[in-house]
Amino acid sequence: MKLKLLFLIIAISFSGLVHSQIKIGDNPQNLDANAVLELESTSRVLIITRITTAQMNAITPPHGALIYNTDVACVFYHNGSQWLNMCDGLSNSSNISLVKNSDSSYTFTHANGNTTIIEIPEKTFTSVDETITITSSGNTIDLDVADSGIKSEHIASGNINSTHIQPKSITMGNMGIESVGSVEIENNTIKTEDIAPGTANTILTTNLSGVVEWANNTNTASITGTPNALFHADASGNLTEIKDSSGNADVVYISGVNNMGIGTDNPQNKLHVAGAIRTEGILNSDGTANEPSYRFHDDSNTGLFSPAADQIGLSVDGQVAINLKHTGVNGLEIIANGSVELKEQLIDETGATGTAGQVLSATTTGTEWTNAPNPFLAYGKINEANSITSFGIQSLAKFSTGRYQITFTSTASSADYIIQLTLLSAGIGATIEVTSQLNNSFFVQISDSAGIPLDASWYFTVLDL
């Protein structure tokens with residue numbers, strides 16, 4: 001009975017949803033009035049049915065159905081007769097084109113390759129003030145402009161250039177007085193073929209009315225100089241050859257192979273300067289190890305180049321010998337790709353050159369010459385006759401049978417140093433032990449297997465780490 005009551009309550013609850021709206025996710029109280037189902041979330045997404053191609057083809061849904069094909073990794077929709085890949089339209093978008101045909105029509109190519117012919121009928125357009133009339137007929141478009149129909153204020157600067165005007169389409173009769181000045185003519189826009197030929201030995205000049213015409217050359221003085229030298233206007237405005245303070249005419253010279261020389265009449269490169277050069281800076285190419293940016297005329301694969309940003313390389317015979325670079329981790333680095341031979345001493349951060357036997361040690365701020373670390377404070381061999389062969393020992397003292405004291409030449413850093421002891425032929429069970437350990441000495445006791453003091457030969461090693 002209770003189960004039936006539960007089903008009844010659920011049925012009543014859902015009956016109201018059949019004709020209502022549903023919103024899932026954030027802000028459920030804000031539901032679009034036109035929505036049957038609304039989803040809203042900033043952290044979750046809608047995941048539609050995910051199936052394979054075989055599973056998709058086994059389903060015949062109504063028009064508009066959507067699935068995600070896991071084999072193709074794309075969304076498909078059903079147009080009522082077949083499943084279509086929605087990614088095809090994106091990947092084939094480059095196939096879309098619009099091409100003008102030989103007549104007044106155009107051919108439009110769709111993404112799927114299908115084409116459509118677009119017809120454009122012949123039309124005539126006339127501006128409101130009837131100053132411009134445009135007539136299209138097949139492949140021809142006629143533009144008729146009434147007198148004073150287009151003025152300078154109607155054309156934006158740079159909108160009409162030489163590519164828009166056919167040769168000789170504008171003549172003198174089409175232009176007003178002073179309509180074209182020097183500021184309106186770009187370099188190389190007027191060429192030889194654009195100027196009517198004159199007679200021999202005449203020059204192109206303007207008359208008193210400003211009209212350009214050919215006239216006789218009244219200045220018949222010839223100009224001579226050193227072949228291939230350059231000329232300039234001197235202090236009086238006269239054309240003269242460029243010379244140095246000594247009167248030499250080869251101060252600037254252009255060779256027959258387009259090399260320029262300064263101070264030489266035989267330049268061997270594009271720019272050959274015979275003398276020192278002063279400059280505020282040179283922007284050069286990076287170069288390579290085999291062809292450095294800064295190299296020598298008789299050794300082209302030796303010099304300086306830039307392997308990468310913030311790096312300078314020195315190449316010798318096309319090989320990188322030294323590389324200087326700056327990194328954010330190590331700062332300035334010098335890398336030598338070969339043996340390094342030092343003719344002078346190395347200097348540490350304090351300016352010291354070090355003494356014999358010292359080593360160059362790294363510090364927190366740089367390097368410093370220090371004494372080579374030696375962990376051996378003392379070592380030696382003691383025989384039964386109390387003679388000693390040792391290093392770092394000031395004295396040996398025997399107090400009784402098997403009891404000895406070793407005193408060091410140098411005091412240990414602490415009394416917690418390491419002592420290694422070894423007996424020589426003292427018998428089975430014999431022992432040697434340290435009975436006392438001080439900063440400058442230590443005591444040992446030798447005993448037989450029964451604990452009775454015993455004299456014997458023994459070795460010791462003291463390490464001060």
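How many helices and strands are there in the chain? Let's warm up with that one and then work through three exercises together.

There are 3 helices and 34 strands; both are DSSP runs numbered from the N terminus, helices being H or I with at least four residues and strands E with at least two. The model is predicted, so local features need pLDDT of at least 70 and side-chain atom pairs pLDDT 80 or more, while totals for chains, interfaces and linings use all residues. Residues are numbered from 1 along each chain as its sequence is written, and side-chain values use heavy atoms, with hydrogens and water left out.

**Exercise 1.** Work out the order of the strands in the open sheet that contains S8.

*Solution.* Start with the pairs, where pairing takes at least two DSSP bridges between two strands. Strand S7 (residues 97-100) is antiparallel to S8 over 4 bridges. On the other pairing, S8 and strand S9 (residues 115-119) run antiparallel over 5 bridges. Put together, the 3 strands give the order S7-S8-S9. S7 and S9 are the edges: each has a single partner strand, so one side of each lacks a neighbour in the sheet. Neighbouring strands are turned by 25 degrees against each other on average, direction ignored (axes are lines fitted to C-alpha atoms, and angles run from 0 to 180 degrees between N-to-C directions).

**Exercise 2.** Follow Phe108 through its bridges, then find which face of S8 is buried.

*Solution.* Phe108 is the bridge partner of Leu98, and its partner in S9 is Thr116. Ser105, in turn, has Glu119 as its partner in S9. Now look at the side chains along S8 (residues 105-109): Ser105, Thr107 and Thr109 point to one face and are buried (under 20% relative accessible area, 1.4 Å probe, protein chains only; exposed is over 50%, partly exposed in between). Tyr106 and Phe108 point to the other face and are not buried.

**Exercise 3.** Locate the nonpolar surface patch and say which strand gives the largest share.

*Solution.* List the members: Ile282, Tyr294, Leu304, Ile312, Leu314, Val316, Ile322, Leu324 and Ile334, with about 770 Å² of accessible area together (Shrake-Rupley method). Patch residues have over 30% relative accessible area and no salt bridge (Lys or Arg side-chain nitrogen within 4 Å of an Asp or Glu carboxyl oxygen), and nonpolar side chains are joined within 5 Å. Strands S22 (311-316) and S23 (319-327) each give two or more residues. The largest share, 3 residues, comes from S22. Ile322 lies in S23 and counts as partly exposed because its relative accessibility is 30%.

Notes:
Patches are made of residues with over 30% relative accessible area and no salt bridge: like charges are joined within 9 Å, nonpolar side chains (Val, Leu, Ile, Met, Phe, Trp, Tyr) within 5 Å. Accessible areas come from the Shrake-Rupley method with a 1.4 Å probe; for residues, only the protein chains shown count as cover.
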